[in-house]
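Let's go through this one by asking plain questions and working out each answer. Have a look at the model first.

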Amino acid sequence: MSELELLVSKDKLTVHVNVIRDSTPLQIEESDVYSLLSKHGISFGIKRDVISNMISNMNDMFFPLLIAEGEAPKKGEDGFLKLEIVENKHDIQTNEVLNFRNVRQIPSVRAGQLVATIFPSKPGIPGRNVLGHSIATANGKPNPPMVGKNIVETNGKLYASIDGQISLSDKKVNVLPVFEVDGDLNLKTGNIDFVGNVTIRGDVPSDYVVKAGGDISIYGIVEGAQIEAGGSIFISGGIVGFAKASIRAQGDIIAAYLNQCQVYAGNNIETTGSILHSVCFAKENVHAITGSIIGGLISAGNHVAAKDIGNALHTKTEIQIGATNRYSEEDKRIRTEIDATKAQLQKVLLILQKLSEKYKRTSNLTEDEVLLLKRDKLTQTELTKKLALLELEFAELSSKQKEESTYIIATGNLYPNVYIQFGKYKRIINQLFHHVKAQLVNKEISIDIYSEK
């Protein structure tokens with residue numbers, strides 16, 4: 001006789017019904033379904049219309065079928081900070097000539113001026129599982145203390161206590177004084193180590209050191225120097241590093257171009273020109289907006305984008321994207337369990353098939369065979385239930401993996417002898433590609449035509 005079984009998810013938020021069929025016709029009433037739900041304590045989120053439709057169209061239904069669904073808890077909203085000072089950041093278009101001085105202007109404020117508003121966190125909304133039990137939720141995280149140097153907080157409003165420039169570092173809002181050099185660094189100015197923001201309206205020659213607790217703006221060329229900022233670094237003239245320049249920032253690094261230098265950014269690295277024979281590390285993204293990436297090593301947490309990657313001379317160029325498959329071990333475990341469960345189920349079904357064929361031929365089974373039949377039917381039920389739950393778990397994991405999108409884009413050419421790496425997966429480009437996007441798909445690095453949509 002055909003039987004019903006319930007597949008209850010581990011989190012008790014969904015209930016699927018499955019039908020274990022045999023050779024007898026299906027004879028299932030609504031009352032059978034509700035009795036089974038009651039037996040398992042299912043009392044909330046029952047889809048009565050689905051159950052009614054299932055009974056009316058049993059032979060046309062696809063199983064397992066969702067017949068009860070709880071309410072997932074909703075996490076509270078985290079607190080956040082809204083800057084009240086507009087940052088004038090120039091939107092870069094690929095078809096325009098860039099005036100680099102307009103790339104980003106650090107906002108200036110006066111003493112007493114409103115700088116930012118703190119918005120508090122919001123509580124979460126509890127859920128309820130199919131057993132009718134409440135599911136606790138997490139409240140939103142409060143915004144971390146944002147009061148930095150020369151900032152006063154009053155009723156969630158942050159005000160500047162001095163005239164200066166805004167700097168965001170260590171998750172704090174600061175108003176910092178500005179140290180300005182009206183020209184090139186030279187023996188008269190010497191090295192610079194300043195607590196606030198630094199502006200240099202000229203070049204920084206080789207062997208000089210510039211350190212700032214806030215942002216550094218350089219309106220000239222940086223040679224083989226050491227530049228280090230607690231905020232972001234902006235270099236309008238680019239970097240000619242002579243293989244010894246070191247540029248480090250906890251925020252962004254934006255330059256006209258990078259040539260033979262080492263660059264480390266806590267957020268993003270952006271250039272309007274090319275990145276040549278340099279070592280670049282960015283926790284977020286590396287973008288050569290209208291230029292090329294040739295030679296060296298580029299490592300980013302999420303994205304790398306450039307017009308061309310590599311060159312016609314096939315100069316070795318390495319591009320690394322941070323480990324993208326955080327779920328690889330869990331993925332492997334579930335796949336292994338699914339394969340093992342399917343193999344076990346196949347063996348059980350084979351035994352049941354042989355016993356069924358013998359019964360059809362002889363209309364008789366031995367006592368041991370009857371016991372084996374009963375045991376394997378129970379085993380089939382348990383294995384089918386286990387397989388369905390594993391496949392649901394795998395689907396949820398796959399959904400999480402799809403949310404993580406990392407890629408490499410070449411809007412022009414991707415040349416041979418470019419080494420691409422996503423986590424532990426590597427690929428050496430051995431042919432010329434045009435206008436492509438490289439991604440890690442099913443543990444293989446795929447290269448497809450890039451669409452900007």
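**Reading the model, one question at a time**

Q: What is the relative accessible area of Glu180, and which class does that put it in?
A: Buried means under 20% relative accessible area, exposed over 50%, and partly exposed in between, using a 1.4 Å probe and protein chains only. Numbering runs from 1 along each chain as its sequence is written, and since this is a predicted model, local features need pLDDT of at least 70 and side-chain atom pairs pLDDT 80 or more, while totals for chains, interfaces and linings use all residues. Side-chain values use heavy atoms, with hydrogens and water left out. Glu180 comes in at 44%, which makes it partly exposed.

Q: Which residue does the side chain of Glu180 meet in a salt bridge?
A: A salt bridge here is a side-chain nitrogen of Lys or Arg within 4 Å of a carboxyl oxygen of Asp or Glu. At 2.7 Å, N to O, the pair passes that cut-off, and the partner of Glu180 is Arg201.

Q: Where do Glu180 and Arg201 sit, and how many residues apart are they?
A: Their salt bridge has an N to O distance of 2.7 Å. It links distant parts of the chain, with Glu180 in strand S15 (residues 178-181) and Arg201 in the loop between strand S17 (197-200) and strand S18 (209-212). Helices (H or I, at least four residues) and strands (E, at least two) are DSSP runs, numbered from the N terminus. In sequence, the two are 21 residues apart.

Q: What does the salt bridge between Lys122 and Glu77 tie together?
A: Their side chains meet at 3.9 Å, N to O. Lys122 is in the loop between strand S8 (114-119) and strand S9 (127-128), and Glu77 is in the loop between strand S3 (65-69) and strand S4 (80-83), so the pair ties together parts that are 45 residues apart in sequence.

Q: Which residue forms a salt bridge with Glu337?
A: The closest N and O atoms of this pair are 2.4 Å apart. Both residues lie in helix H3 (residues 328-362), four residues apart, about one turn of the helix. An α-helix has 3.6 residues a turn, so residues three or four places apart point the same way. The partner of Glu337 is Arg333.

Q: Which residues of helix H1 are buried?
A: H1 spans 30-39, and on its other side Ser38 and Lys39 are exposed. The buried residues are Val33, Leu36 and Leu37. They cover an arc (taken from the directions from the helix axis to the C-beta atoms) of only 100 degrees, which puts them on the same side of H1. The names to keep are Val33, Leu36 and Leu37.

Q: What do the buried residues of H2 pack against?
A: In H2 (residues 48-56), the buried residues are Val50, Ile51, Met54 and Ile55. They fall within an arc of 135 degrees seen down the axis, so they line one face of the helix. On the other side, Arg48, Asp49 and Ser56 are exposed. The buried set packs against strand S2 (14-20), helix H1 (30-39) and S3.

Q: Which residues touch the most other members of the largest nonpolar core?
A: A nonpolar core is a set of buried Ala, Val, Leu, Ile, Met, Phe, Trp, Tyr and Cys residues joined through side-chain atoms within 4.5 Å. This one has 54 residues, and those with the most partners are Val204, Ile227 and Leu414.

Q: How many residues are in the other core?
A: Leu414 touches residues including Ile309, Ile420 and Phe433, not counting residues up to four places away in sequence; a contact is heavy atoms within 4.5 Å. Apart from the core with Leu414 lies another, with Val33, Ile42, Ile55 and Met61 among its members, and its size is 20 residues.

Q: How many disulfides does the rule give?
A: A disulfide is a pair of cysteine sulfur atoms within 2.5 Å. The sulfur of Cys261 has its closest cysteine sulfur in Cys280, 5.9 Å away, so that is too far for a bond. Cys261 is buried at 3% relative accessible area, and Cys280 is buried at 0%. The count is zero.

Q: What percentage of the residues in the protein is buried?
A: The protein has four helices and 36 strands. Of its 453 residues, the buried share is 43%.
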